[in-house]
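This report describes the fold of one protein chain for a reader at the bench. It begins with confidence and then turns to sheets, helix packing and backbone geometry.

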Amino acid sequence: MAKKELKLPKMGESVAEATITSWLKEVGDTIEADEAVLEIATDKVDSEVPSEYDGVLVEKLFDVDDVVKVGEVVAIIEVDGEDDSSDDDSQADSQEAQEAASVVEESVNQAKSTTVTESNYSDSSRFYSPLVKNIAEKENISFDELEAIQGTGMDERVTKDDILAYVKDKKEGKTSSQQAEPKPASEEKAPVTKEKSQSVPKVSTPVNINAEDEVIEMSRMGKLVSSHMIASTQTSAHVQSFIEVDVTDVWNWRNKHKNEFQKREGEKLTFTPIFMEVVAKTIKDFPKINISVDGDRIVMKKHINLGMAAALPDGNLIVPVIRDADQLNLLGMAKKVNDLAARARDGKLKPDETQGGTYTVTNVGTFGSVMGTPIINQPQVGILALGAIRKVPAVIETPEGDFIGIRYKMFLSHSYDHRVVNGALGGQFIQRMKEYIESFDTERSI
């Protein structure tokens, strides 16, 4: 019998680690090749890790909720077969195996100790977002150091900028010894309590739970979305602009081509790829929408990567990313939109497919909403909500005079970060979109 290592596979260029959410197999279970052994989660995507071999699971090296880095061994699988090497070689191999095992054991212990350190952050009375805890872990910031950082967020929460500034000062040797040295809990918390008592007291609203009420624990993804939304409202100065658009030509063009497209491609032709194409085109006209804020610096993004908010069956939200959206024609955009939406619903997105977005579009019209005020997807500075398309009476201007006619119209709702995007730019962006949509080429093919 031989033993094979099951490693955490590479999940994308921007994904370096994942959290084990559940083991689908127990020690002693028989496993077939390509059969899922465990489930893992990154910031937004859940996925499974399959076995590469037929065999029996003999050892699990990590527990549920442990954080594992890409390439680390998570389990040992015993497979049929013998080593064909000679006795001398087998002795050398045995020694190498022992050395490898010690390395694996050391890495496991190190990873587990890291996990313990990370979980200790929850022992604090302060709230730390997953992003802050992740930065603290990667930069080897201890629990005591994190507790000593003066937060500038709401209720003195430590923000991303706070911890990055601390990391920078620490590397430059500017942090004080008092801040870096661990302190006993009694010494550390007393002055904080005193300082808070002198400021405006925090008001908490008690929740009355009756006997017939049902208490449901938030899902892991629900907690991440909640934390991300709160962090966004505390980071960006949200401002909205709205504009009504006549989409009659787009409506009629789609109705003309949707059946042919369905027969030829085997997929539906929705309005989403049409609007995504217009968004990418408009961003090229206004590149200062395609930016991020890094402290006091503005980062101009060279690639237009459009996030496409998608609702999941369990009520949660995920944002797959269409990379280099401005390089796609309408057919390519339609196929990309359909593919990402389908795999998002089925939970088959790869972790890297939700990373690197530079601007986000959400379709609130799916549920009949006429307009919305969406929250910006950090670290982006803008998000567009597509309202429901309605058939309405409208004034139609002609050379012979004005008359009332039936038109298809919708609202575009644009939320943007007023720290770096002023009202003129935010308004001009959707005004240009309106111009592109209303001058849609009805003779184009797909």
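The term pLDDT denotes the predictor's confidence in each residue, on a scale from 0 to 100. The structure shown is a predicted model, and this score is the starting point for reading it.

**Confidence along the chain**

The protein chain has an average pLDDT of 83, and 80% of the residues score at least 70. Over residues 84-94, pLDDT stays under 50, and the model has 3 contacts beyond four places in sequence for this stretch. Residues 177-200 also have pLDDT under 50 throughout, with 17 contacts beyond four places in sequence. Among the elements of the chain, helix H6 (residues 185-198) has the lowest mean pLDDT, 42, whereas helix H9 (residues 272-285) has the highest, 98. Where pLDDT is low, the predicted coordinates should not be read in detail.

**Two open sheets**

One open sheet is built from 4 strands in the order S5-S4-S2-S7, with antiparallel pairing. Its edges are strand S5 (46-50) and strand S7 (67-69), each of which pairs on one side only. On average, and with direction ignored, neighbouring strands of this sheet are turned by 45° against each other. Within the sheet, strand S2 (residues 17-23) and strand S4 (residues 36-41) run antiparallel and are joined by 4 bridges. Ser22 has Glu39 in S4 as its bridge partner.

Another open sheet, also of 4 strands, follows the order S1-S8-S6-S3, again with antiparallel pairing. Here the edge strands are strand S1 (2-7) and strand S3 (30-31), and each pairs on one side only. Strand S6 (residues 55-60) is linked to strand S8 (residues 73-79) by 4 bridges, and the two run antiparallel. Glu59 stands opposite Ile76 in S8, and Lys60 has Ala75 in S8 as its bridge partner. S3 pairs with S6 in the antiparallel sense over 2 bridges, and Thr30 stands opposite Val56 in S6.

**Helix packing**

Two packed helices are described by the angle between their axes and the distance between the axes. The table sets out these values for three helix pairs.

| Helix pair | Angle between axes | Axis distance |
|---|---|---|
| H8 and H10 | roughly 70° | within 13 Å |
| H9 and H10 | about 120° | 9 Å |
| H9 and H11 | about 130° | 9 Å |

How do the axes of helix H8 (residues 248-265) and helix H10 (residues 330-345) cross? They cross at roughly 70°, which makes H8 roughly perpendicular to H10, since angles from 65 to 115 degrees fall in that class. H8 passes H10 in a right-handed crossing. The contact brings Trp253, Phe261, Arg264 and Glu265 of H8 against Leu330, Leu331, Ala334 and Lys335 of H10. By class, these contact residues divide into 5 nonpolar, no polar and 3 charged.

H9 also packs on H10, at an angle of about 120°, and the two helices are therefore oblique to each other. The crossing of H9 past H10 is right-handed. On the H9 side the contact is made by Thr272, Pro273, Ile274, Met276 and Glu277, and on the H10 side by Leu330, Met333, Ala334 and Val337. This contact has 7 nonpolar residues, 1 polar and 1 charged.

The remaining pair in the table joins H9 to helix H11 (residues 423-438), at an angle of about 130°. That angle makes H9 oblique to H11. H9 passes H11 in a right-handed crossing. From H9, Phe275, Val278, Val279, Lys281, Thr282, Ile283 and Asp285 meet Phe429, Arg432, Met433, Tyr436 and Ile437 of H11. The residues of this contact divide into 8 nonpolar, 1 polar and 3 charged.

**Backbone geometry**

Most residues other than glycine have a negative phi, and most peptide bonds are trans. Two sites call for a note in this respect. Asp65 has a positive phi of about 80° although it is not a glycine, and Asp65 lies in the loop between S6 and S7. Gln378 and Pro379 are joined by a cis peptide bond, with omega of about 5°. Pro379 is found in the loop between strand S16 (359-362) and strand S17 (382-386).

Definitions and conventions
Residues numbered from 1 in each chain as written. Predicted model: local features only at pLDDT ≥ 70, side-chain atom pairs only at ≥ 80, totals over all residues. Heavy atoms only, no water. Axes fitted to C-alpha atoms, helices over the stretch in contact; angles between N-to-C directions. Parallel < 35°, antiparallel > 145°, perpendicular 65-115°, else oblique. Left-handed = near helix turned anticlockwise from the far one by under 90°. Contact = heavy atoms within 4.5 Å. Nonpolar A, V, L, I, M, F, W, Y, C, P; charged D, E, K, R; others polar. Pairing = 2+ DSSP bridges.
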